Every structure is written in structure tokens, then in C-alpha cells.
Amino acid sequence: MDLKSDHTFWPTYSGLLRSYPSLQKDEICDVIILGGGISGALIANSLTEEGLDVVLLDKRDVATGSTSASTALLQYEIDLPLRELIEQIGREDAERAYWVCHESIDKLERLLTKLDGDAGFQRKKSVYLASTEEDVPDLEKEFGARQRAGIAVDLLSASDIASRFSFERPGAILSHQAAEVDSYRLAHLLLARAEKNSARIYDRSGMTCYDTSSGEVLVEVEGGWKVQAKHVVFATGYESVEYLPKSVVNLKSSYALVSEPLQHFDGWWDRALLWETARPYFYMRTTSDNRALFGGMDHPFRNPISRDALIPKKKKLLIKKFVELFPRIQLEVAYSWAGTFGETKDGLAYIGTFPKCPLCYFALGFGGNGITYSVVAAEMILDAILGRKNKDAHIFRFDR
Ligand SMILES: Cc1cc2nc3c(=O)[nH]c(=O)nc-3n(C[C@H](O)[C@H](O)[C@H](O)COP(=O)(O)OP(=O)(O)OC[C@H]3O[C@@H](n4cnc5c(N)ncnc54)[C@H](O)[C@@H]3O)c2cc1C
């Protein structure tokens, strides 16, 4: 599957940060990780930190899948509002799901202190705007649900919003836990650390087939090389649908733009992360080099050609939306792109094994906050491989 259009921002801006060799011999290890995006990179880190012997294989160059197309807002809030998630899975698990994502931002920040470089991580506030007056009663209920869960949130009135921003909205929830990052750099920094901790990383080394019938994992790689291991982790992003026995994700096309560096952010309070109650939603952030980065306008995914053909139209709509919100900001678009994106029935990731394949672990952070899910997956998969109980694992299991 072609995961994205050309010229996504992060790799264009930073260039190819590192090229790993392709696999040219057979290998034996404890764990094979398939995929070197943000999920595979985080998992490689957590496993090697615990002393496991890891081989990571990517069929492309690492970090050039969805991770390179991401707008990389880090939010604890998943696509489904907490009050709706409570209706679907019950209060205890729903609140825990929100808290697991909340904690993952702190965990990522701690991990960043161990990395050898800057991944553009900045703590932010997040503002969830009511798109219309009709959305306000539900927004207030959502605020109540989050408060009951113990999450630090404020309810902003129309006048609170007007005093902070250059636009009007009838209400909003302000969250104090959020951040932004450069997902491409982050994946590279994590991989470099995993390599230091002895992971062997191979680019352009796609798995062609795998077999677990002997009680061990045997992965065959392009070129005919074989890797043998006790476990295999599929961190293969949206292409994982090819390896799953059941359909768990609804694929969409999503669109994003980044501006040239801006002179000022007049009317954009605290350069907060912004998103809204309308679906599909529009969302925005800024970058450490003073750009606006925004996206949305999701569309059902049919194929990469029709996805990319819509870029000019979606770009116009996204610009119109930005200008309506920030009329005082002079916007010059630098890059626009499209990416394939997935949603699940409850907005939750799928993390763990299938009963039929106990040696295979999946890290499928489908949803708007895929990166926070990748952090969650790295911890849960480590626990599963080490045979440790994880009290939250059932929330993300496949047979829910
Ligand atoms: C436009 C857009 C905006 C987004 N915005 C946000 C956001 O604001 N916040 C957020 O948290 N998330 C966001 N996401 C989602 C987030 O980017 C993804 O959840 C995340 O990047 C997925 O990372 P990954 O490592 O799981 O997948 P990927 O980055 O796609 O990595 C998977 C890797 O697996 C490799 N692979 C596949 N098959 C094989 C095989 N057979 N053998 C070996 N390797 C294989 C691929 O080459 C690829 O490199 C966004 C996504 C898009 C497209």
C-alpha cells in the first residue's frame, strides 16, 4: 500500500537522517520487529532496554511510512469523546483508556531525555472547540465526563474564547496535557538509541512471508534471507490490514498543510493545539520553527491515486478554514500532502496477539492519536513478551 503522497514535511525538511543497510545474511534473535516507523522504533527501544536481542526490518527506508506524513499532535483525547466511549465499553475501562494515553505523553517526555538529539517535543495546551451552538450541550457533558475521570480540564465560554483567539466559537474544553513533536526525527532518534543498545536494523528488507508452526518464528525477507526468533512484532502501520484475519479498521484519506515560517501568531493563544467537535475535524498546531501545521478534511479511502488527486481541492478548503480563524496571519503554504489513515469502531488501538498466533504481537495505533498509542503499545508488548501482566492490556485486545 502506498501510505502517503510525496513531499510530506518532516523528511523534506530534515532530509534522510540515516540509511540502514539491507539484510544480506540470515539472522537469529529474540524478537523480530517488522516496521521502523514510530511504533517499531518505540518498541525496539523498550525491548532492547530490557536486554532483548532485536532485529528490526523495514521494507522501505525507516520512518518513511505514515510517521513521515503525521502532523504529530500528542493528545490524550482519542477520536471518540470519553462520554461516548463510556457508553461503548463502560466507565472504568473508558476512563482508564483516556488515562493510559494521558500518561503516555509524560512517558514519552521522560524517554526523550535519553535520546541523543532534539525531536521538536514541546508541551502544549489543547483546545477542543465546539464547532456550532448545537454542539455545546454535548461538549458540556464531555467536560463533566473528563472532570469525573480526574482529568485537568477547563470549560471555556464564548467570551473566554473571544478574549484568547481571533475567532468566535460558542464553547471549548481546554486541556492542560498535550504536546507536539517531529515524528520523523523522533523515530530516527529512537532507532539510533535502539541500535546503540544492540538492535540490528535493516532498511529495504521487507518480510515476504512468515511461519510459526514450529513453535518459533521464521520470517522470510526479500532476497531470500531468513530471520529466526522467539517472537515477531507487527509494527507495520496501516499495511497491517494485509496480515490480520479480521477487519478492524476503516481506512480514510487525510490531508495536511504546513506554512512557511510565520512572522507572528496574532489571535492564536499560546500556540495551543486546536481541534473541533465537527466530524471530520479540522486540527492545527505550530512547529518549533514557527510554522502553522494543520490538517483534516478526511475522506473515505479508495486508492492512493484518488486520494492524491484530491490534494489541490482539500488544500483550498484547509486554507479557507485557516484564514477564517486567523485573518491577521499572513499564510504562505510551503507543502501539502495526503496520507492514509485509519479509524476503529471505538477509537481505540489494537495491541496484542491473536489466539491463533500467540508468537505474533500487533502494535496497531489506529486513530487520530496514533503516536500516543505507539507509546502505549511499546510498553504493553514488552510486558507480553516478558510474560508480565499489564492491567490495561484487555482494553486494546483484538477480541473486544
Ligand atoms: C496525515 C496524517 C496525520 C496524522 N496526524 C497525527 C497526529 O496529529 N497525531 C498522532 O498521534 N497521529 C497522527 N497520525 C497517525 C500517526 O502518524 C500514525 O499512527 C503513526 O505514524 C503510525 O506509525 P507506525 O510506525 O505504526 O506506522 P508507519 O509509520 O507506517 O510504519 C510502518 C512501517 O512498516 C513497514 N512495513 C510494512 N509492511 C512491512 C513488511 N512486510 N516488512 C517490513 N516492513 C514493513 C513500512 O515500510 C513502514 O515504514 C496521522 C497520520 C496521518 C497519515
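Modeller: Contact means heavy atoms within 4.5 Å, and helices (H or I, at least four residues) and strands (E, at least two) are DSSP runs numbered from the N terminus. This is a predicted model in which local features need pLDDT of at least 70 and side-chain atom pairs pLDDT 80 or more, while totals for chains, interfaces and linings use all residues. Residues are numbered from 1 along each chain as its sequence is written, and side-chain values use heavy atoms, leaving out hydrogens and water.

Colleague: Thanks! Which residues in helix 5 do Leu 82, Leu 85, Ile 86 and Ile 89 in helix 4 meet?

Modeller: Helix 4 covers residues 82-89 and helix 5 covers residues 91-112. From helix 4, the contact draws on Leu 82, Leu 85, Ile 86 and Ile 89. Their partners in helix 5 are Arg 91, Asp 93, Ala 94, Glu 95, Ala 97 and Tyr 98.

Colleague: Is helix 4 roughly parallel or oblique to helix 5?

Modeller: The axes (lines fitted to C-alpha atoms over the stretch in contact, with angles from 0 to 180 degrees between N-to-C directions) of helix 4 and helix 5 come within 7 Å and cross at roughly 135 degrees. Under 35 degrees is roughly parallel, over 145 roughly antiparallel, 65 to 115 roughly perpendicular and the rest oblique. That angle therefore makes helix 4, relative to helix 5, oblique.

Colleague: And how are helix 5 and helix 11 oriented to each other?

Modeller: Val 100, Cys 101, Ser 104, Ile 105, Lys 107 and Leu 108 in helix 5 meet Thr 372, Tyr 373, Val 375, Val 376 and Glu 379 in helix 11. The axes of helix 5 and helix 11 come within 9 Å, crossing at roughly 85 degrees. Helix 5 and helix 11 are therefore roughly perpendicular.

Colleague: Which cysteines form a disulfide?

Modeller: Searching the whole structure gives one disulfide, a pair of cysteine sulfur atoms within 2.5 Å. The two sulfur atoms of that pair lie 2.2 Å apart. The partners are Cys 357 and Cys 360.

Colleague: How far from Cys 29 is the nearest cysteine sulfur?

Modeller: Cys 29 is in no disulfide. Cys 29 has a relative accessible area of 6%, so it counts as buried (under 20%; exposed is over 50%, partly exposed in between, with a 1.4 Å probe and protein chains only). The nearest cysteine sulfur is that of Cys 360, and the distance is 13 Å.

Colleague: Buried or exposed: what is Cys 360?

Modeller: Its disulfide partner, Cys 357, has 11% relative accessibility and counts as buried. Cys 360 has 0% relative accessibility, so it counts as buried.

Colleague: Where is Leu 257, and how far in space is it from Ser 336, C-alpha to C-alpha?

Modeller: Leu 257 sits in strand 13 (residues 250-259) and is buried at 1% relative accessible area. Beyond its neighbours within four places in sequence, its contacts include Phe 294, Lys 315, Tyr 335 and Trp 337. Leu 257 and Ser 336 are 79 residues apart in sequence, yet their C-alpha separation in space is 4.3 Å.

Colleague: Which residues does Ser 39 touch, not counting those up to four places away in sequence?

Modeller: Ser 39 belongs to helix 2 (residues 38-49). Ser 39 is buried, with 13% relative accessible area. With that sequence exclusion, it touches Ala 235, Ala 363 and Ser 374.

Colleague: Last one: which residues is Asp 392 in contact with, leaving aside neighbours within four places in sequence?

Modeller: Asp 392 lies in the segment after helix 11 (370-386). Asp 392 is buried, with a relative accessible area of 8%. Its contacts outside that sequence window are Arg 96, Val 100 and Met 380.
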